[in-house]
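The following paragraphs lead the reader through one model, beginning with its enclosed spaces and ending with two points of backbone geometry. Please keep the structure in view while reading.

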Amino acid sequence: MLDAQGALRAEPGEGGAGPAAAGGALDGAVVLDALGEAEGPPFLPDGFDVVRAALRAGARRLYVAREAGRGLRAAGVDGLVRSAAREYPDSVVRCVVLDAGAAPGPEGAAEALLEEVAEGGGEPVVVRTPAGRFAPVLVEAPLGPLAGRGAGPAGEGAAEAEALGLDRDAVLVVAGGARGITARCVAVLAAAARCRVELLGRTPVPAGPEDPLTAAAADRAALRGVLARTGRYGSPADVERAAGLVLAGREVAAALDAVRAAGGRARYRSVDCRDAAAVLQAVKEIHAEHGRIDGVVHAAGIVEDRLIADKSPESFRRVHGTKTQSAAALLAAVEQLPEGERPRFAVLFGSIAAVLGNRGQSDYAAANDALEAYGAAWAARTGRRALTVHWGPWAPSPVHGGMVVPELARHYARRGVRLIDPEEGAAALLRELAWGDPAERAVVLTASQW
Ligand SMILES: NC(=O)c1ccc[n+]([C@@H]2O[C@H](COP(=O)([O-])OP(=O)(O)OC[C@H]3O[C@@H](n4cnc5c(N)ncnc54)[C@H](OP(=O)(O)O)[C@@H]3O)[C@@H](O)[C@H]2O)c1
């Protein structure tokens, strides 16, 4: 049907060159590769090459079709498209979500897509259902009256921990939990439950007290100076890397200290969470040692912000894979535990960028959006609760700065975007887990939209 309208085909396998190869200058493109078997091979990350090629070839209209539902096949497509739409405001960039009831079979899909092509601009994601054509919107959803029973915003969270069934013997496994905003959340969880936390991250396990040579250097600038003067490093980039490692080691040590000071017990393991075998081994060891894993949190993530036009496929894969491969590895690892001993809940740290899109974060938005699908699939397989928390930006704090570096914080301030207060953010997570609807698969927790 699309052929009959004069569309040219770019077959799968033509990769990044596909759309351009189809006819030189490009008026528009309809990407069909994310359609099909909900649990088939995911469209992303490889599909990024097709989207990038179409936009680079000057497409003024780009439609990516996917089926309704949260299958892995189209995981992350909405987040990618929302970000692309922000980067190409003069083009129509849209994800068309097709409900089988509204658009049955290939004919129905083609008809729906032709209607979309005839539409003007508008929302980056539209859902076509038998009841009509909708654009998803964020709806404020306060917690129910039970939430008032908790300890309150700055309270200790004991009521929440109890509601979650987390006692002193409970064990939480937290990927990416020894640094950044997650370290703050871990400290609050540990204070609330006095439980055991097992933290995973790539930073090497701190080997005793810090070298006196660097210990006196309070910040990155001072560290750079001290390290450069040793003459051990060949280039400024080497010095920068070494300073980063020292700071990361300090964060890990501070995270462990905070848990212990709060009355919990903490251990840190150096694991690249994209490595499924290493994650499985860590999970097996933790379970063997303590006989239980009550909950898991996946918060590992990186950013390499760049506009789509300048983003390399390798960078897209790194950012995307850190979230999605790590999620898949952790969820699969705990699924291997005996059925009655699997964690009761899994929390995945996503981002508001997935829900609203963000310039320069196509990879990150896609990855965070995809987490919902990974969590939902795991929940469906195991009958356990999975919740993706799409965070708004957090205010940086001195030890655990997180992704919102001071320069970015100033940028948000100029745009009028408010940042999450770290104490309130951690308490909000606890309240959401304790009093939120366990059937909910994703929420946005933010101080402000953008
Ligand atoms: N800060 C915010 O405002 C904000 C907003 C929305 C969402 N989030 C989400 O919250 C999470 C934490 O962000 P953050 O701001 O705290 O950033 P961060 O300080 O950079 O923390 C990222 C964490 O991920 C770990 N990590 C990265 N790659 C890993 C890998 N391959 N294997 C294991 N661990 C890995 C890091 O530890 P190592 O470096 O030691 O590996 C670190 O603990 C992320 O998932 C992020 O997307 C943050």
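A cavity, as the word is used here, is a set of grid points where a 1.4 Å probe fits but cannot get out. The model under discussion is predicted, and the structure holds two cavities of 30 Å³ or more. The largest cavity contains about 100 Å³ of space. Its lining is made up of 13 residues, and those closest to its centre are Ala38, Glu67, Gly69, Gly71 and Ala74. By class, the lining of the largest cavity comprises six nonpolar, three polar and four charged residues.

From enclosed space the account passes to open space. The second largest pocket has a volume of about 1600 Å³. It is lined by 47 residues, and Leu138, Val139, Val443, Val444 and Leu445 lie nearest its centre. Where does the second largest pocket lie with respect to domain 1 (3-134) and domain 2 (146-445)? Both domains give residues to its lining, so the pocket lies between them.

Several secondary-structure elements supply at least two residues each to this lining: the helices are H3 (77-87), H12 (352-356), H13 (362-382) and H15 (422-435), and the strands are S4 (125-129), S11 (385-391) and S12 (442-445). The largest share, five residues, comes from H15. In composition, the lining of the second largest pocket has 25 nonpolar, 16 charged and six polar residues.

The ligand may be considered next. It is surrounded by 29 residues, of which Arg202, Thr203, Lys323, Tyr364 and Met403 are the closest. Helix H6 (180-193), helix H11 (313-335) and strand S10 (345-351) each contribute at least two residues to the shell around the ligand. That shell divides into 13 nonpolar, 11 polar and five charged residues.

Which polar atoms of the protein lie at short range from ligand oxygen and nitrogen atoms can be read from three pairs. For arginine 179, a polar side-chain atom lies 2.8 Å from an oxygen atom of the ligand. For isoleucine 181, a polar backbone atom is 2.7 Å from a ligand oxygen atom. For cysteine 273, a backbone N or O atom lies 2.8 Å from a nitrogen atom of the ligand. Taken alone, the ligand exposes 870 Å², and the protein buries 94% of that area.

Two features of the backbone remain. Most peptide bonds are trans, and most residues other than glycine have a negative phi. The peptide bond from leucine 44 to proline 45, however, is cis, with omega near 15 degrees. Proline 45 is placed in the loop between strand S1 (28-31) and helix H2 (47-56). Arginine 194, a residue other than glycine, has a positive phi, near 55 degrees. Its place is in the loop between H6 and strand S7 (196-201), and H6 is one of the elements that supply residues to the shell around the ligand.

Methods
Residues numbered from 1 in each chain as written. Predicted model: local features only at pLDDT ≥ 70, side-chain atom pairs only at ≥ 80, totals over all residues. Heavy atoms only, no water. Near = heavy atom within 4 Å. Polar contact = N/O pair within 3.5 Å; in protein donor to acceptor, adjacent residues only side chain to side chain. Areas by Shrake-Rupley, 256 points an atom, 1.4 Å probe, with all protein chains shown as cover. Helix = DSSP H or I, 4+ residues; strand = E, 2+ residues; numbered from the N terminus. Nonpolar A, V, L, I, M, F, W, Y, C, P; charged D, E, K, R; others polar. 1 Å grid on protein atoms, 1.4 Å probe; cavity = no way out; pocket = protein on both sides within 12 Å on 5 of 7 lines; lining within 4 Å. Points joined across faces, edges and corners; volume = space filled by probe spheres on them. Domains from an automatic or database assignment.
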